[in-house]
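Me: Please take one part of this model and look at it closely. Then work outwards from there. Keep it brisk.

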Amino acid sequence: MITIKDLHKSYIMGQNSLHVLKGIEFTINDGELVSIMGSSGSGKSTLLNILGLLDSYDEGTFHLNGLTMENLSESKAAYYRNKYFGFVFQSFNLISFKNAQENIALPLYYQGVSRKKRNQIALEYLTKVGLRDWAHHLPSEMSGGQKQRVAIARALVTDPSVILADEPTGALDSQTSLEVMELLTQINNEGKTVIIVTHEQEVSALTNRIIRLRDGLILEDGPTEKVLANV
Amino acid sequence: MFSIDTWQEIFATIGKNKLRSFLTAFSVAWGIFMLIVLLGAGQGLQNAVKASFESDAVNSIWIYPGRTSKEYKGLQPGRLTQFNNRDYSETMFLNDNNIEYSTSNVYVRGSRTISYGKEEVSYSIIGSYPGMRDIEQANPIQGRFINQIDMDESRKSVVLSEKIRKELFKNKEALGEWVNLNKIPFKVIGIFEDVNERENDRVFIPFTTAQRSFGMSNQINNLAFTVTGLSVSETEKLETKLRKQFASRHSFDPEDDRAMYINNSLKNFQQISLLFIGISAFVWLIGIGTIIAGIVGVSNIMLIVVKERTKEIGIRKAIGAPPRSIITHIMMEAVLITTIAGYFGLVLGVGVLELFSALVPPSDFFRNPEANIQIALSATVLLIICGAIAGFVPARRAAKIKPIVALRDE
């Protein structure tokens, strides 16, 4: 369970300070499928990065399963990221010189899982995303959709409780987007919390709850049908 | 941290970034290779000079006649100075205190043939005192050198060099045999071998015999002696004194430095010693320069490596890599590459020196190039440490930046 209260974040650029998040408050329960919507500059990606402990926040509180996420050391943050979160990025962020199976197995390496075991687990997840035959291909030899599915498998491999996806369909065509969304929905059905940042209505329409941001504030937060009805 | 898994991860990264790894390895290997070759070359030069000094006593003073170049007491310049037995006896008498070994030498004129049976060769035949043995380091490897009895009795004894013995006698025993010098029979009493190649082209006979048997009356060609307990400046004073004595005997201007020549090896040795220090300093200067270039090369490449890998580091951090693992991973990679490359450069450098030693015979200028392995190893270790430090600084910076910033890096 993620609880956020009065969250503020500013970026300092030389003399100017850019106030990106101006007091965000919400709670996301286990097993929810949530999309965070907003136009570019609304602060949605910043919010997701803070949720995923990739970035720090200035003010407010952030609790994950009852634990405060304030002033974490870099090692502690790395530990939590590895344990609780799986990331899916718009640009996939696969390591280019590792093949699909090695990419998926990497988070397990940082958990100290033996090589044999983690390769076996990686293969299971490759099968799950339908790319078993592509285990020994480098990312450069795969299509965007395939790469994103490898990235999803990597996000799942540590069995985290939350999947954070930053514009997961941003670099894909509509057909592939749909397939990726189906995969994320399926993962949600298996009990994982999935939080997707997107600016596409088609994508958010497939989630159960929408949080709409504008200029660093929550504009709307509610079930999908209700929010979309207001647009 | 040193688990097999870590190493597998490191080997995988190295294996998949071959060019980058190769470039790092190359700059290290090249640095070490150059250092070894330079140290070896310096050593070779030093060995050669040392060897040429070992072939003669380093405290000897040689006196040779010359031709006057200045008018003196009405005498025209251009007169040849001819030394004789009186020069030797008076030099010994007047400078007795510090003289250890001494000789005067007379060179046999004529056809200078040395023959045994049907074999005949032509080399210098020198009449010398027993002291010549120590002055020239013409140490007998068989038999003995000329002694006082040979001198007193003007015996027909000869000491051959090993080289000449081989030419005349092949595999036969030469000691006790008779050889003909300018058709006069002499008994072989000893065989010597000089370290200096050129000083093996001669045979020695007693000085007295040379003067009597070959009609040289009381002439001598040069004289030499070794001095003990004198500093370089004292030998310089001795030179001036000798010059005055010779000048008065032979009626030439003591200031005329062409009327006679004095070769003071003590002074030469001091000058060469200074040259040694100069060569050593030069080799070290270049060596240190090469090492610094190597360190800069490694640091540079490690900086680029880390910069190039910022995004990868971001990804690794996003999926849970702790900063420590990022730092150790990069550093171990750097250390592994520099160690292997350093060793490779070391082996290659030593190999080149060995090959050079084997193919090029030692000469007066270059002999047995060899690198000081301890210095080479220290240099390699230094490079490895510097590579690690060079990797550590940027790796720590990369490990410190927020993952989201690293991820944005393109």
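Reply: "Buried" means under 20% relative accessible area, "exposed" means over 50%, and "partly exposed" is in between (1.4 Å probe, protein chains only). Helices (H or I, at least four residues) and strands (E, at least two) are DSSP runs, numbered from the N terminus. The model is predicted: local features need pLDDT of at least 70, side-chain atom pairs count only at pLDDT 80 or more, totals for chains, interfaces and linings use all residues, and side-chain values use heavy atoms, with hydrogens and water left out. Residues are numbered from 1 along each chain as its sequence is written, while chains are lettered from A and ligands numbered from 1 in the order in which they are written.

The part to look at is helix 3 of chain A. Of its 10 residues, 9 are buried, so helix 3 of chain A is largely enclosed by the rest of the structure. The buried residues are Ala100(A), Gln101(A), Asn103(A), Ile104(A), Ala105(A), Leu106(A), Pro107(A), Leu108(A) and Tyr109(A).

Start at the N-terminal end. Asn99(A) caps helix 3 of chain A there. A side-chain oxygen of Asn99(A) lies 3.2 Å from the backbone nitrogen of Gln101(A). Such a polar contact is a pair of N or O atoms within 3.5 Å; within protein, one must be able to donate a hydrogen and the other to accept it, and residues adjacent in sequence count only if both atoms are side-chain atoms.

Now step back along the chain. Asn93(A) lies in the loop between strand 6 and helix 3 of chain A. Asn93(A) is buried, with a relative accessible area of 4%. Its phi is near 50 degrees, a positive value in a residue other than glycine. Most residues other than glycine have a negative phi. Asp159(A) also has a positive phi, near 55 degrees, and is not glycine either. Asp159(A) lies in the loop between helix 5 and strand 7 (162–166) of chain A.

Helix 5 (residues 144–156) of chain A holds Gln148(A). Gln148(A) is buried, with a relative accessible area of 0%. Leaving out residues up to four places away in sequence, Gln148(A) touches Val88(A), Phe89(A), Gln90(A), Phe92(A), Pro168(A), Leu172(A) and Val180(A). Contact here means heavy atoms within 4.5 Å. One of these partners, Pro168(A), offers its backbone oxygen at 2.8 Å from a polar atom of the Gln148(A) side chain.

Chain A as a whole has 8 helices and 10 strands. Of its 231 residues, 54% count as buried. Among contacts in chain A with a separation of 6 or more, 68% join residues 24 or more positions apart.

Next, the interface. In chain A, 30 residues are in contact with 25 residues of chain B. The two chains bury about 2,400 Å² between them, with 57% of it on carbon and sulfur atoms. Phe97(A), Tyr109(A) and Tyr110(A) supply 29% of the area that chain A buries against chain B, more than any other three residues. Buried area is the accessible area (1.4 Å probe) that two parts lose on being put together, summed over both. Tyr109(A) thus appears twice here: among the buried residues of helix 3 of chain A, and in that trio.

What of charge and polarity? The rule finds 1 salt bridge across the interface of chain A and chain B (a side-chain nitrogen of Lys or Arg within 4 Å of a carboxyl oxygen of Asp or Glu). The side chains of Lys402(B) and Asp55(A) meet in a salt bridge, at 3.4 Å, N to O. The rule also finds 5 residue pairs in polar contact across the interface, both residues at pLDDT 80 or more. Five elements of chain A give two or more residues to the side that touches chain B: strand 1 (2–13), helix 2 (74–84), strand 6 (85–89), helix 3 (100–109) and helix 4 (115–128). Helix 2 of chain A gives the most, with 5 residues. By class, that side of chain A has 14 nonpolar, 7 polar and 9 charged residues. Ala, Val, Leu, Ile, Met, Phe, Trp, Tyr, Cys and Pro count as nonpolar, Asp, Glu, Lys and Arg as charged, and the others, Gly among them, as polar.

Last, a residue of chain B. Ser60(B) lies in strand 1 (residues 60–65) of chain B. Ser60(B) is buried, with a relative accessible area of 1%. Its contacts beyond four places in sequence include Ile135(B), Phe225(B) and Asn263(B). Ser60(B) and Asp134(B) are 74 residues apart in sequence and 9.6 Å apart in space, C-alpha to C-alpha.
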